[in-house]
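Here are a few short exercises to try with the model open beside you. Work through each task before reading its solution.

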2 protein chains.
Amino acid sequence: KQKELEKIAGGKSSQSREAFRAVLAGVLERRLFYIPSYKIYNGVAGFYDYGPPGCAIKANITQTWRQHFVLEENMLEVECPAVTPEIVLKASGHVDRFTDFMVKDVKTGECYRADHLLEGTLEKLLEDKKNPLTAEQTKEARDLLSTVGELKEDTLGAALTKYACKAPDTGNDISAPFAFNLMFKTSIGPRGDMVGYLRPETAQGIFVNFKDLLYYNGQRLPFAAAQIGNSYRNEISPRSGLLRVREFTQAEIEHFVNPDDKSHPKFSLVADLEPLLYSRDFQMGDEKKPHPIRLGDAVSKGIIANETLAYFIGRTWLFFKRIGINPQRMRFRQHLLHEMAHYANDCWDGEIETSYGWVECVGLADRSAYDLNAHAKMSKVDLKAHETYPEPRMEEELKIVVASKEVGQAFKKDAKTVTEHLQSMNECDAMELKAKLEAGSGDITTIDGQTFTVTPKMVDIKKELVRKTGRNFTPAVIEPSFGIGRIMYSMFEHAFYTRGEANDAGSDDARGVFRFTPLVAPVKATVFPLLQKAELNEVANKVSTSLTAAGLSNIVDTTGTTVGKRYARTDEIGVPFAITVDYQVQTDNTVTLRERDSMAQVRIPVPEIAGVVKSLVDGVSSWLEVQGKYPAQQAAANSEVA
Amino acid sequence: KQKELEKIAGGKSSQSREAFRAVLAGVLERRLFYIPSYKIYNGVAGFYDYGPPGCAIKANITQTWRQHFVLEENMLEVECPAVTPEIVLKASGHVDRFTDFMVKDVKTGECYRADHLLEGTLEKLLEDKKNPLTAEQTKEARDLLSTVGELKEDTLGAALTKYACKAPDTGNDISAPFAFNLMFKTSIGPRGDMVGYLRPETAQGIFVNFKDLLYYNGQRLPFAAAQIGNSYRNEISPRSGLLRVREFTQAEIEHFVNPDDKSHPKFSLVADLEPLLYSRDFQMGDEKKPHPIRLGDAVSKGIIANETLAYFIGRTWLFFKRIGINPQRMRFRQHLLHEMAHYANDCWDGEIETSYGWVECVGLADRSAYDLNAHAKMSKVDLKAHETYPEPRMEEELKIVVASKEVGQAFKKDAKTVTEHLQSMNECDAMELKAKLEAGSGDITTIDGQTFTVTPKMVDIKKELVRKTGRNFTPAVIEPSFGIGRIMYSMFEHAFYTRGEANDAGSDDARGVFRFTPLVAPVKATVFPLLQKAELNEVANKVSTSLTAAGLSNIVDTTGTTVGKRYARTDEIGVPFAITVDYQVQTDNTVTLRERDSMAQVRIPVPEIAGVVKSLVDGVSSWLEVQGKYPAQQAAANSEVA
């Protein structure tokens, strides 16, 4: 059954995938992993509350992320506000371009994402066995489907009309598509004249602090800054549970690096890993399948653009494994050229396979110097780093010498304006003028809109070789960006299985189990007094106190129900270890310890129990080692009877 | 000097307090503990970014809070969104009443908090030695000053006029005060018709989930739920650094309890603690000073309303101590009667003394059933718990028996409306009608506004003794609410001191040190190779790797500067332990370990260093024990030379 469901989860049949998801969703909601927010007020789409187990797991994943990335890489962690003044997001481009196309039901005013609507319509047409499309129509629909996400307003509108898309809930006509900005807007301060937005990503908080962070790092590159925090996107029609929500936790890294040297000092530590890579070539090829490739080879063959990007792909792969993602069901998909922003050098998505298909959980992008340049331009603050060359170099430098006498005579009161203009020309403009001057004369237009004709006598433009000991430059940034909620949901799917109890005759209830790693598990151990007796409860409380003192979250379950039922209850929230206090404690001071997935039990002395569980949770010892050291509890099978 | 500055921080002179604060602020900003947000865009008041050390300390404090409260008390932790639909905050009262009074500069439009402005004016008048007030004027001004926070709009306006308050920046006239809602407003979803706010507190997320949480807890009371998350208040004129910001982290607990039994099973664990209590009596008395009182006595004498509230006061006191707050500089101040909301039973503020005076860092309130009743009423969802009595009780129950024949004859088509009205009367209305009926007849007004005259023949109203096995009731809630930023800032003040180096002749630079507890310290250890030599760097990196593997954050400082300067740099961010790798490592494989506050050093073998630091950080062993076990490093004094 376990294998069966796993197969289902990754299977091709949408029906069996949905059956798996329904069983899982039932457990997740009933045990309060997460639930729709504001339920007593009928909820608001796109918002979820994490209940106790969800909250604990999220804290564990976040803490593991911090340990795995921030601590092990000595990153500079920052925490910035979600409320952001408009100018920051104007600079980043979000105010102008962070939009989705929306259409409205012309009668009810209900809103839909235009691309999703077109997708749905095309998929239905393609699947329609009764009225099959012609070969030509099929090709056209398929081509359109593969580019829906990148259509511009007019093309999208034309396609919606051509395929006669209607409002899905009512069948009514829809409006033409129009851009809708996905940021939540607000107003900062009492005057009401300062527009603010809730940040749509945490990254901008790092970019605006670049100068201070560089200083903090002793002006040295490369360094990485990281931020864990909530981001906000006012999605048009949120769906798919935790996968598309309006408020979500991101963990983002901005690794600042010299654009001429993107090697990574620790690359050798990941070079031998072989994650499934779904490169551009594999995606464009016939097979359309990812393949395991050694990261060292991926860099040397130019599949991944540089060592730093590949290093983070490797580290992400290790992180996924550490929190319990099945390595066979994660892959790194390279962005196709038309998917990438114009400034990006190379982008890979860390994708995890779920019942919804492959879900983008991490974005890894080499964004070049785009972000820092954008903020430097808007804020007029220099966001450059300095590099001292290992030894001085001869470099070409632009020299512009203005003949003040000639300029003065020619332009009189405007001479100062002209001089300033000439001296402040950038390289491109200067070389263009030089070419014109060599052909006779050239016109310049100053900032106030006046045009002047300049002759070769007035200005000398040349490039000279100059001895340089270093240079200022805008660092490139390599950005790994993690969506914690999506990773968590995918992990739930990979961890979940059901099992029927072999000796549980008469009941066909499959019991849900989460095989969470001890690191991620919301509660590390449960403690059960076999019967509701004061003398057993006392031992149980003593055990619980010792677990708590060891920093292990635990629950004492003193309900009078059978131990089998209590095991089932604890399996359902993925508690890895269960301790049962039975009457044998009075003769030899031992209790039983049960491992969740094997359901095997051993007997352990009370004074040792917290230490043993701690070493299992920390990964210092394995269950096999514990089984080797302590006697097995033979009654195990019986106590599982419900 | 250390004692001097501590005295200053708690001293009475505002000048010396400000000097202390300026030195501290310099270090905090220079070392990026926290900095104004959006600095390159000239900042936005009330927003701060935490840099690397601030971020690490905040994570440590939050994690300690989670361990101290959530884990040790088995609380149900939840995480809810910040974006909140209007109806939730309408129910809680925030939409209508979460306001401050504001005045505007009539010329510039600049906004000020009316109460702060009046306070400032009154303080200036009272301190003005040149134009002293008469005894009568002084009394009037003092009385007003003590109630400024509770003035209503008209009284406040009259006072502002009477004392001729002007805009502080310009001296211009000000407008009359008007209420300004402090919530950030936004719009949810694409239609633009759903108003949302950023939550002004995390508590409401717990209340709306009460039903599910009670179910999760097996329908048993008492239980506590907790939430750590960001809250948002659009303050009119934020000031005082981290103490009054627009986006801040709260950690809130809602402890749900039977209103008839507010005892706490673990109260005995805190009963002997003696925190400084500043009760209502002490505040109203002549001495105006808090006193240490045993919590057990405070409850038995009725100073604190109940055991549960006192339990959380004790736990808060322990938490403060654990993170390094000086117990002499924390107190619990009881709200005066006029400060409390009408529904509250008892409220205490956990206050910490800083250079700004006593700062409210925690609010501990017995809020009765107010919040759950408010949400039950607005959502029409039953938010009650059930209590099964230990044994059945005889209880009075209201019985309303309508004589349908009489009512039918009298009211014909309205008979149904009248019957329904009579049967749904609450106890109060029913007893009032009963009294009227006994005097002859009574009028009732139905929901649609019609009035009917009812006679004694039509309805029988009585109270009967009924055997009950249990009852449904709305739980009371006891709410400890922590402001993490304020606690952090106060902790910074308590941890900070300066020291000049005795042998640092010629320099009068006092060096800043934070005596953070190892638990809270942003980095647990720094590692210094004595000289920039490959063989020393190699050992340093090995030591660093072993520290990281033990989960200890650490920094390797390979800058060529003197070890003394490197010690100073590490003291300034409060790193408790520094490890220096010198050439002796080549003969006996030992390095030195220096403790921050004593500056004493011992020599420890490289293979043991991570274990020793780990046991010190975890509090398993003390520095004294380590000094007893390992040989002292005699060169310590020299290596501190800058």
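Strands here are DSSP runs of E with at least two residues, numbered from the N terminus. Keep in mind that the model is predicted.

**Exercise 1. Place T354(A) in its strand, then decide whether T354(A) is buried or exposed.**

Solution. Start with the secondary structure: T354(A) belongs to strand β15 of chain A, residues 346–354. Next, take the relative accessible area, which is 1% for T354(A). Buried means under 20%, so T354(A) is buried, given its value of 1%. Then look at the side chain: one of its polar atoms lies 2.9 Å from the backbone nitrogen of Y356(A). Finally, try a distance along the chain: V602(A) is 248 residues away from T354(A), and their C-alpha atoms are 35 Å apart.

**Exercise 2. Describe how strands β18 and β19 of chain B are joined, and sort the residues of β19(B) by face.**

Solution. Begin with the pairing: β18(B), residues 442–445, runs antiparallel to β19(B), with four bridges joining the two. One of the residues to find is G442(B), whose bridge partner in β19(B) is V454(B). Now follow the turn: the hairpin has five residues between its strands, and G449(B) takes a positive phi near 90 degrees. For the faces, recall that side chains in a regular strand alternate between the two faces of the sheet. In β19(B), residues 451–454, F452(B) and V454(B) make up the covered face, while T451(B) and T453(B) make up the uncovered one.

**Exercise 3. Work out how much area chain A and chain B bury between them, and which three residues of chain A supply more of its share than any other three.**

Solution. First, count the residues in contact: 81 of chain A and 81 of chain B. Second, take the area: the two chains bury about 6500 Å² between them, with 61% of it on carbon and sulfur atoms. Third, name the three residues: Y38(A), I40(A) and Y41(A) supply 12% of the area that chain A buries against chain B.

**Exercise 4. Find how many salt bridges cross the interface of chain A and chain B, and which helix gives the largest share of chain A's side.**

Solution. The rule finds six salt bridges across this interface. Among them is E110(A) with R191(B), whose closest N and O atoms are 3.4 Å apart. Polar contacts come next, with 28 residue pairs between the chains. On the side of chain A that touches chain B, helix α3(A), residues 52–71, gives the largest share, eight residues. To finish, sort that side by type: 44 residues are nonpolar, 20 polar and 17 charged.

Technical notes. Residues are numbered from 1 along each chain as its sequence is written. Chains are lettered from A and ligands numbered from 1 in the order in which they are written. This is a predicted model: local features need pLDDT of at least 70, side-chain atom pairs count only at pLDDT 80 or more; totals for chains, interfaces and linings use all residues. Side-chain values use heavy atoms; hydrogens and water are left out. Contact means heavy atoms within 4.5 Å. Buried area is the accessible area (1.4 Å probe) that two parts lose on being put together, summed over both. A salt bridge is a side-chain nitrogen of Lys or Arg within 4 Å of a carboxyl oxygen of Asp or Glu. A polar contact is a pair of N or O atoms within 3.5 Å; within protein, one must be able to donate a hydrogen and the other to accept it, and residues adjacent in sequence count only if both atoms are side-chain atoms. Ala, Val, Leu, Ile, Met, Phe, Trp, Tyr, Cys and Pro count as nonpolar, Asp, Glu, Lys and Arg as charged, and the others, Gly among them, as polar. Buried means under 20% relative accessible area, exposed over 50%, partly exposed in between (1.4 Å probe, protein chains only). Two strands pair if DSSP finds at least two bridges between them.
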